[in-house]
Amino acid sequence: MTLQDIPKIKHTNSNNFFLLCGPCAIEGEDMALRIAEKVITITDKLEIPYIFKGSFKKANRSRIDSFTGIGNEKALKILKKVSDTFDVPTVTDIHETSDAELAAQYVDVLQIPAFLVRQTDLVVAAAKTGKVVNLKKGQFMSPEAMKHAVQKVKDAGSDKAWITDRGTMFGYQDMIVDFRGIPTMRQYAPTVLDVTHSLQQPNQTAGVTGGRPDMIETIARAGIVNNADGLFIETHFDPANAKSDGANMLHLDNLEKLLTNLVAIRKTINGF
């Protein structure tokens with residue numbers, strides 16, 4: 001897969017990493033447009049290829065009373081409006097085979113959640129839509145095992161897939177990133193580092209996932225140094241009141257400085 005496989009993506013000749021960035025979940029139209037506009041302003045300035053990220057529903061909540069979405073088609077139409085308004089590609093995650101065909105009508109990239117990446121029917125359904133497929137590495141899987149997920153996409157008739165590492169379970173309530181996995185998985189497909197989910201602290205007794213957003217730049221820098229093709233960062237203008245994953249999201253006000261530093265690191269290690 002190449003970036004040119006993604007409709008509307010820009011700055012593909014900049015030799016920068018590409019970026020998947022946006023809120024964890026689509027909470028409403030105004031918030032989605034506000035976040036997208038800010039991120040696009042920054043990525044255009046820094047010439048970073050950009051894909052707007054937002055979940056149209058959250059099916060993997062710890063508690064039954066957790067926020068799951070504003071309605072499937074309502075959220076998907078907001079993702080489409082973001083794409084049409086700003087001429088930018090979009091990505092959302094799917095959880096059931098029926099989601100693949102539905103979401104493919106609105107977005108450019110279908111994401112397979114980490115807990116579901118071994119679900120063959122789901123991966124095949126995503127591949128058969130013809131959309132690019134983002135395969136998130138299971139927290140319980142080795143980097144080497146991801147070659148089989150990529151092969152499922154290929155066996156379904158598509159070569160448009162990449163892998164996203166979102167950390168590996170370390171004990172019961174923490175995640176770690178094994179940076180040896182990046183060059184390993186790059187043998188199978190372009191590889192993205194999910195910075196913010198790698199800093200989650202799951203399985204809290206309250207049933208709400210915690211996080212370490214203070215470590216976002218540390219993990220992101222290491223990803224760029226280790227030649228990740230892209231980064232995945234969830235951001236919000238008010239993380240404390242975000243309806244999903246606020247504990248590990250980056251405040252939108254801090255995004256430009258972070259990306260500026262990461263672009264500088266990329267230029268340094270590439271010798272230009």
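Student: Which residues lie nearest the centre of the second largest pocket?

Tutor: Happy to start there, keeping in mind that this is a predicted model. The second largest pocket has a volume of about 180 Å³. Its lining is made up of 14 residues. Those nearest its centre are Leu3, Asn16, Phe18, Asp229 and Arg266.

Student: How many residues of each class line the second largest pocket?

Tutor: Let's sort that lining into nonpolar, polar and charged residues. The second largest pocket has two charged residues in its lining, along with five nonpolar and seven polar.

Student: Arg266 is in that pocket lining, so to speak of helices next: which residues of α7 and α8 meet?

Tutor: Good link, as Arg266 is also one of the α8 residues in the contact with α7. From α7 (residues 216-225), the residues taking part are Ile216, Glu217, Ala220, Arg221, Ile224 and Val225. Across from them, α8 (residues 255-270) offers Leu258, Asn261, Leu262, Ile265, Arg266 and Ile269.

Student: How do the residues of the contact of α7 with α8 divide by class?

Tutor: Take the contact of α7 with α8 as a whole, counting both helices. The split is one polar, three charged and eight nonpolar.

Student: Why are α7 and α8 described as roughly parallel or oblique to each other?

Tutor: Two packed helices are described by the angle between their axes and the distance between the axes. For α7 and α8 the axes are 9 Å apart and the angle is about 25 degrees. Angles under 35 degrees count as roughly parallel. The pair is therefore roughly parallel.

Student: Are α4 and α5 roughly parallel or oblique to each other?

Tutor: Here α4 (residues 120-128) and α5 (residues 146-155) pack with axes 8 Å apart, at an angle of about 50 degrees. Thr120, Val123 and Ala127 in α4 meet Ala149, Lys152 and Val153 in α5. By class, that contact has four nonpolar, one polar and one charged residues. Given the angle of about 50 degrees, α4 and α5 are therefore oblique.

Student: Is the crossing of α4 and α5 left-handed or right-handed?

Tutor: For α7 and α8, the crossing is right-handed. For α4 and α5, the crossing is right-handed.

Student: Which residues are closest to the centre of the largest pocket?

Tutor: The largest pocket has a volume of about 650 Å³. Its 35 lining residues comprise 11 nonpolar, 14 polar and 10 charged. Closest to its centre are Asn60, Arg61, Gln200, Thr209 and Asp245.

Definitions and conventions
Residues numbered from 1 in each chain as written. Predicted model: local features only at pLDDT ≥ 70, side-chain atom pairs only at ≥ 80, totals over all residues. Heavy atoms only, no water. Axes fitted to C-alpha atoms, helices over the stretch in contact; angles between N-to-C directions. Helix = DSSP H or I, 4+ residues; strand = E, 2+ residues; numbered from the N terminus. Parallel < 35°, antiparallel > 145°, perpendicular 65-115°, else oblique. Left-handed = near helix turned anticlockwise from the far one by under 90°. Contact = heavy atoms within 4.5 Å. Nonpolar A, V, L, I, M, F, W, Y, C, P; charged D, E, K, R; others polar. 1 Å grid on protein atoms, 1.4 Å probe; cavity = no way out; pocket = protein on both sides within 12 Å on 5 of 7 lines; lining within 4 Å. Points joined across faces, edges and corners; volume = space filled by probe spheres on them.
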